[in-house]
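The report below is meant for someone who is looking at this model for the opening time and wants a careful account of how the chain is put together. It begins with terms, then moves from the whole chain to single residues.

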Amino acid sequence: MKRIIETSDIVMSNNIESYYLASDKRLRKLGKVWYKEAQQFVVYLSKKYNVDPFRISGANAYLSINNRWERNKVDTEATVGAFASGKFTKEEFMKLVKVCTYNRNKSSAWDVLEKGEMITAKSPKIHSFAMNVGLLSPDHITIDKWQVRASLTKAKDGKTDTQTQITSVQYRRIEAITAKLAKKYKLKGYEFQAIVWLTIKSIWEK
């Protein structure tokens with residue numbers, strides 16, 4: 001298994017860059033608008049259910065853990081809809097509404113909607129995803145398991161056994177490397193990350 005602790009910054013940078021270079025025009029176009037379209041979804045739910053859009057982006061971030069985006073959207077609307085209806089207590093929501101993530105994240109998603117409990121940088125991936133989707137923040141980059149895999153392999157390698165769970169220190173390493181590469185290609189961090197994400201998934205999921 002390839003691990004971050006055994007991989008230098010230069011190698012990780014070259015690895016991540018290989019996925020960007022392997023992307024075609026279609027993937028680059030999709031990547032540049034991915035977070036904008038995700039934000040449009042959040043705004044749509046906000047208007048439909050009269051719930052603050054940033055709270056929705058926070059709930060969405062919690063529900064995104066180990067979840068495909070299309071399913072994440074379904075789960076987010078189910079959660080927001082249940083909350084906005086006023087018909088569910090948190091306990092009833094936990095028992096009756098099905099979502100495809102861990103119960104602790106489901107619980108946290110409800111808390112964000114109900115109490116406005118914002119995600120802090122102590123949960124860097126969830127925090128960054130909320131900031132990217134909710135505010136299109138150029139100062140945050142979402143480092144998920146796919147970005148970790150991209151940092152440890154080259155595009156030509158194909159599917160490879162790698163580390164996917166990382167520490168906060170390792171998160172910041174990959175985030176800083178990704179930010180430098182985004183700047184090199186005159187892209188916002190979240191745009192570059194989305195292109196890499198789409199590209200590695202297209203290669204590994206063939």
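A residue is called buried when its relative accessible area is under 20%, exposed when it is over 50%, and partly exposed in between, with a 1.4 Å probe and protein chains only. The model is a predicted one, in which local features need pLDDT of at least 70 and side-chain atom pairs count only at pLDDT 80 or more, while totals for chains, interfaces and linings use all residues. Residues are numbered from 1 along each chain as its sequence is written, and side-chain values use heavy atoms, with hydrogens and water left out.

## The chain as a whole

Helices (H or I, at least four residues) and strands (E, at least two) are DSSP runs numbered from the N terminus, and by this rule the chain has 10 helices and zero strands. The C-alpha trace spans about 50 × 30 × 30 Å along its principal axes. The radius of gyration, taken over C-alpha atoms and compared with a globule rule of 2.2 Å times the number of residues to the power 0.38, is 17 Å for the chain, which agrees with the value near 17 Å for a compact globule of 206 residues.

Of the 206 residues in the chain, 52% are buried. Contact here means heavy atoms within 4.5 Å; among contacts between residues at least 6 apart in sequence, 74% join residues at least 24 apart. The accessible surface, from the Shrake-Rupley method with a 1.4 Å probe and, for residues, with only the protein chains shown counting as cover, comes to about 10,700 Å², and 53% of that surface belongs to carbon and sulfur atoms.

## The core and helix α6

A nonpolar core is a set of buried Ala, Val, Leu, Ile, Met, Phe, Trp, Tyr and Cys residues joined through side-chain atoms within 4.5 Å. The largest such core has 53 residues, and those with the most contacts inside it are W34, Y35 and F192. Its largest share, nine residues, comes from helix α10, which covers residues 189-204. In soluble globular proteins, nonpolar side chains tend to be buried together. When neighbours within four places in sequence are left aside, the residues in contact with Y35 include F129, V133, L136, Y190 and A194.

Helix α6 takes in residues 103-115. The expected span of a helix is 1.5 Å times one less than its number of residues, so the 13 residues of α6 should span 18 Å, and the end C-alpha atoms are indeed 18 Å apart. Among the buried residues of α6 are N105, W110, D111 and L113, and what covers the buried residues of this helix includes α3 (53-63), α4 (69-85) and α5 (90-96). After α6 comes G116, whose phi is positive, near 70 degrees.

## Three buried residues

N60 is found in helix α3 and counts as buried because its relative accessibility is 0%. A polar contact is a pair of N or O atoms within 3.5 Å; within protein, one must be able to donate a hydrogen and the other to accept it, and residues adjacent in sequence count only if both atoms are side-chain atoms. Such a contact, of 3.0 Å, joins the side chains of N60 and T76. N60 and V80 are 20 residues apart in sequence, with their C-alpha atoms 9.3 Å apart in space.

Q163 has its place in the loop between α8 (145-152) and α9 (168-184), and it is buried, with a relative accessible area of 11%. Its side chain reaches the backbone oxygen of Q165 at 2.8 Å, and the side chain of Q163 also makes a polar contact of 3.1 Å with the side chain of Q170. Beyond its neighbours within four places in sequence, Q163 is in contact with residues including M1, K2, R3 and I4.

L181 is found in helix α9 and counts as buried at 4% relative accessibility. L181 and N14 are 167 residues apart in sequence, yet 9.5 Å apart in space from C-alpha to C-alpha.

## Two exposed loop residues

Most residues other than glycine have a negative phi, and most peptide bonds are trans. The table lists two residues other than glycine with a positive phi.

| Residue | Loop | Phi | Relative accessible area |
|---|---|---|---|
| N50 | between α2 (25-49) and α3 | near 55 degrees | 72%, exposed |
| K186 | between α9 and α10 | about 55 degrees | 75%, exposed |
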